[in-house]
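Welcome, and please have your viewer ready. We will go from stop to stop, with a selection to make at each one.

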Protein chains: 2
Amino acid sequence: MPGRARNILFIMYDQLRFDYLSCAGHPFLETPNMDRLAETGVRFSRCYVQSPICGASRMSFYTGRYAHSHGAQWNGFPLKVGELTLGDHMRRIGMDCWLVGRTHMRADAEGMRRLGLEPDSIVGARVSECGFDVFVRDDGLWAHGPDGYYDDGRSPYNAYLNSKGYAGENPWHDYANAGIDEDSNMASGFLLMNADREANVEEPDSETPWLTSRAIEFLDKHVGGTSKPWLCHLSYIKPHWPYIAPAPYHDMYGGNQIVPVHRNHAELENAHPVYAAFTRNPISKALSQKEVRERVISAYMGLIKQCDDQLGRLLDHMEASGRMEDTMIVLTSDHGDYLGDHWLGEKNLFHEASVKVPLIIYDPDREADSTRGSICDALVESIDTVATFVEAGGGAVPDHIVEGRSLLPFVRGKALDSWRDYVISEYDYSVSPIAAGLGLSPRDARLFMVADKRWKFVHAEGGMRSMLFDLETDPDEFVDLGECPHHAKVRDMMYERLGQWARRMSQRTTRSDDEIEAMRGKSERRGIVLGARDATDVEQELISKYVGSPGRGAG
Amino acid sequence: MPGRARNILFIMYDQLRFDYLSCAGHPFLETPNMDRLAETGVRFSRCYVQSPICGASRMSFYTGRYAHSHGAQWNGFPLKVGELTLGDHMRRIGMDCWLVGRTHMRADAEGMRRLGLEPDSIVGARVSECGFDVFVRDDGLWAHGPDGYYDDGRSPYNAYLNSKGYAGENPWHDYANAGIDEDSNMASGFLLMNADREANVEEPDSETPWLTSRAIEFLDKHVGGTSKPWLCHLSYIKPHWPYIAPAPYHDMYGGNQIVPVHRNHAELENAHPVYAAFTRNPISKALSQKEVRERVISAYMGLIKQCDDQLGRLLDHMEASGRMEDTMIVLTSDHGDYLGDHWLGEKNLFHEASVKVPLIIYDPDREADSTRGSICDALVESIDTVATFVEAGGGAVPDHIVEGRSLLPFVRGKALDSWRDYVISEYDYSVSPIAAGLGLSPRDARLFMVADKRWKFVHAEGGMRSMLFDLETDPDEFVDLGECPHHAKVRDMMYERLGQWARRMSQRTTRSDDEIEAMRGKSERRGIVLGARDATDVEQELISKYVGSPGRGAG
């Protein structure tokens, strides 16, 4: 059927800020291909991730569940055996579910051993790979140090670089993410002052084009009626650090194309202890220096520009091969990047730069014609994508498992009876030395954000005060009202919402609401007679056949 | 080593009220064997179950986790694949974990299929059996009706009865749980007016002696140094309904030995909608009739007396065989029984009769000598038993998975730095027609209790008001202060506690606190250098070998 989403291409960038797209208003960076997708789809302007950190955010994207529900709350925390994934949901409705790129998922090896799941069986491989069938997996973080590699896996990208003549064990670091300094020495992209150097790799051999080529291979292999409908998760590491770009992207941006830093000295006065601690960590301190920040942003913008160019290459290929007519495309990121704003580097906290992400949904269905090119400002959570995919694939969303809601009504211009009043995000910093610095036990080093269109509230475990921002009067998020006596009622309301959310039914995943309703009052038909004084209280069929009857003496 | 708990016998009755033991103050019922255990152990006077319903309560006993954490919130809701059980924890520390009797556990067949777990493999059998190795499983509810049996399993007890000459497909119902009426017809124990009849079974063939014999067989087979240390869960269906007892227990109690009904008309005035609905269900209406109540309680007391006699038989056997010196004995129940109190029958709500259970811990260790015969009034939850068993077995409690705390310090007279300030219980009545009657969706038909030694608070989802009882001024729990304007602060405090509990870290089960603390600051040693401006910010070893160095040109 033409004009129907037979397949789904689920594109994710890593650490791409919501406002570094031209369609989202960046004044200097042009992203015509992301814009092109937005013009033919719907751009969601308030999409929040469930946790502003790769691993936890992705596990929410891949399960449709809050971090508080799936428990993989930080990088390297295994997703426990038994959690249902996107792959489980898509396969249930007859679609394949493929991975091209990165997940940052760690398998629950102990749980798999306990259940006797072999990693090389089909089931074991899927459990190990977050539910995906792997076309390519490369997590894109091949950092190496005295204690070994950060990532225990094997890098097909490093193998590719070796095959192209880039020497050594780890050309990902030594070439693709390093430049050359004035003395012809390697200049690692991990050192921020190297960010404006040219990466020592041919541009087509750098990570983003390499993965795009793999995606095109995937598309060419999964064409037409012979292959099952598929969801393909195309997942890039960029524009995530190391901040260094290949030519020509390394020096496309600079000078007055760098957006001024967004911060205010008022933020540091009476700062919340957790926020204050994050402003003092090395990446925040480094990004607070103008010189570092400008070099980093120059590279960051170059990397995004390269992502956009590669997106154009991919979209052209899809157009030429007819995929734009049968494939839904969803584009997003796992979190943002402070880039020095709010005196911070990296992500982790809940200012818009960190917790809000781009989300564009292109739906080839004719029902979506009425919304093309529009912006939707509904409060969206990243867990909504799983529900959207299931509904787009023609299935019913198993809402006793998937906590997000389908966005298809927004894309197809359908009326909705109700929508959520607030979004939730969480951050578990138990692994951070900041937790130790604040004297917090691992279970107290946790933050919860509750936000609506007006207020953004953050609760900190461990007996600390909360934070509160008025997004209407203070869209800059400079003024923390967490101790303001005039805002006690707002904080109370936010605590009520947080309580309601925390009490939610998140683990009753083996019984759907429909099954529960069907169970009501059925046990009597299986002989469980409760509250019957005598035979007159019980229906005749039960009495005559099951619960004792005149003439059925048993003596 | 003499006087050390090598084994653990974990005895559970079903629906045994906390106050139907003579050691707990029952004025007419003598339970000398339960008392004997209490005299040599510690009796906990404030043990609350995690949910006053068989299935959910037991899944908390068997996982050490709140119902909100494990999700099996009602009878017949499968315990999801992946949840760790008592068996997993005991086997990890080198102990076997056996079942003799009932669990009311339903396997997650869909989850097992998804993971390819065969029910007849060792792993699959354990996952199907709530982590236990099965010596005997008989859930004791072989009700049968037009839609089939309530329980899909097979009853070894029915097989036993057949072998003893009790005829038919379901002698559990037709003989063990039925009497004979005046016309020599079967008189089902499900009909409450039959409760004072003599069950049509020889006493030694009735359920409690039959299971006790199986337990003695177990003990005889697992003796001494040749068998591994074990935990054996001996789990009786009685004194759970059908309320009917074999001679001589059927007419041991009656008349003025029945404790007067504990209720007050004030309870029905301005009653909370959920409470009011439960008072109107058939079992509550039936138990509100004096004649029904007295017959039921007569049988209930007889069944408990039989349980006590069989406990005596078991303890005598253990004494004679030396098991009292090497075996910890824990005796409890999965919930209570209203028996007409508070205008209610069955369990389900949170008055003491329903949510509080007996808990006695006998520890042969000499360290426990100082506490023998004492009563501990600390706030205890049923999930504490798993933690107690692990510690008694010599292991460390995996407190990122098990949410309860070991009670061993109370039993061995050790000082504790802190203990919990409140207990939690939950009730999910989504399957009840009451939910439909109140117009509630399945996810809103939930109650949460928060109780300390002074206050008992109940939050109801679905937009209803809360309930509150002052246990100090109103130990009868007759006066619901849920709307009292003078108690708004107490309700606020309870909501704060409920929020704290609901936000708890319950799903981060793949990383222990120790592992998390060990992870802190370790990623740099794997090459993840964050926030380094240049080489001077990075330790020499990293720079010289991994993150680029003078002399390591890569051009």
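The expected span of a helix is 1.5 Å times one less than its number of residues. Keep that rule at hand for the first stop, and bear in mind throughout that this is a predicted model.

**Stop 1: helix H18 of chain A**

Select residues 488–502 of chain A, which form helix H18. With 15 residues at 1.5 Å a residue, H18(A) should span 21 Å, and its end C-alpha atoms are indeed 21 Å apart, so the two values agree. Now colour the buried residues of H18(A): Val490(A), Arg491(A), Met494(A), Arg497(A), Leu498(A), Gly499(A), Trp501(A) and Ala502(A). Two arginines, Arg491(A) and Arg497(A), are on that list.

**Stop 2: Val292 of chain A**

Next, pick Val292(A), in helix H12, which runs over residues 290–320 of chain A. Is Val292(A) buried or exposed? Its relative accessible area is 0%, so Val292(A) counts as buried. Show what surrounds it: beyond its neighbours within four places in sequence, Val292(A) is in contact with Leu192(A), Met193(A), Ala286(A), Leu287(A) and, from chain B, Arg533(B). Add Ala195(A) to the selection too; 97 residues separate it from Val292(A) in sequence, yet the two C-alpha atoms are 8.2 Å apart.

**Stop 3: both chains together**

Zoom out and superpose the chains. A turn of 180° with a shift of 0.0 Å along the axis lays chain A on chain B with an RMSD of 0.0 Å. This is the relation of a two-fold axis. The same surface serves both copies, as 100% of the contact residues of chain A recur in chain B. For the complex, the predictor gives an ipTM of 0.96 and a pTM of 0.96.

**Stop 4: helix H7 of chain B**

Move to residues 156–163 of chain B, helix H7, where the buried residues are Tyr157(B), Asn158(B), Tyr160(B) and Leu161(B). They cover an arc of only 155° around the axis and therefore lie on the same side of H7(B). Bring up helix H8 (171–176) and helix H9 (207–221) of chain B, against which these buried residues pack.

Now look at the ends. Ser155(B) caps the N-terminal end of H7(B), with a side-chain oxygen 3.2 Å from the backbone nitrogen of Tyr157(B). Just after the helix, Gly165(B) has a positive phi of about 95°.

**Stop 5: confidence**

Finally, colour chain A by pLDDT. Its mean is 95, and 97% of its residues reach 70 or more. Over residues 550–555 of chain A, however, pLDDT stays under 50; the model has 17 contacts beyond four places in sequence for this stretch.

Note on methods: Residues are numbered from 1 along each chain as its sequence is written. Chains are lettered from A and ligands numbered from 1 in the order in which they are written. This is a predicted model: local features need pLDDT of at least 70, side-chain atom pairs count only at pLDDT 80 or more; totals for chains, interfaces and linings use all residues. Side-chain values use heavy atoms; hydrogens and water are left out. Helices (H or I, at least four residues) and strands (E, at least two) are DSSP runs, numbered from the N terminus. Buried means under 20% relative accessible area, exposed over 50%, partly exposed in between (1.4 Å probe, protein chains only). Contact means heavy atoms within 4.5 Å. Copies are superposed by least squares on the C-alpha atoms of residues with pLDDT of at least 70 in both. The arc is that of the directions from the helix axis to the C-beta atoms. A polar contact is a pair of N or O atoms within 3.5 Å; within protein, one must be able to donate a hydrogen and the other to accept it, and residues adjacent in sequence count only if both atoms are side-chain atoms. pLDDT is the predictor's confidence in each residue, from 0 to 100.
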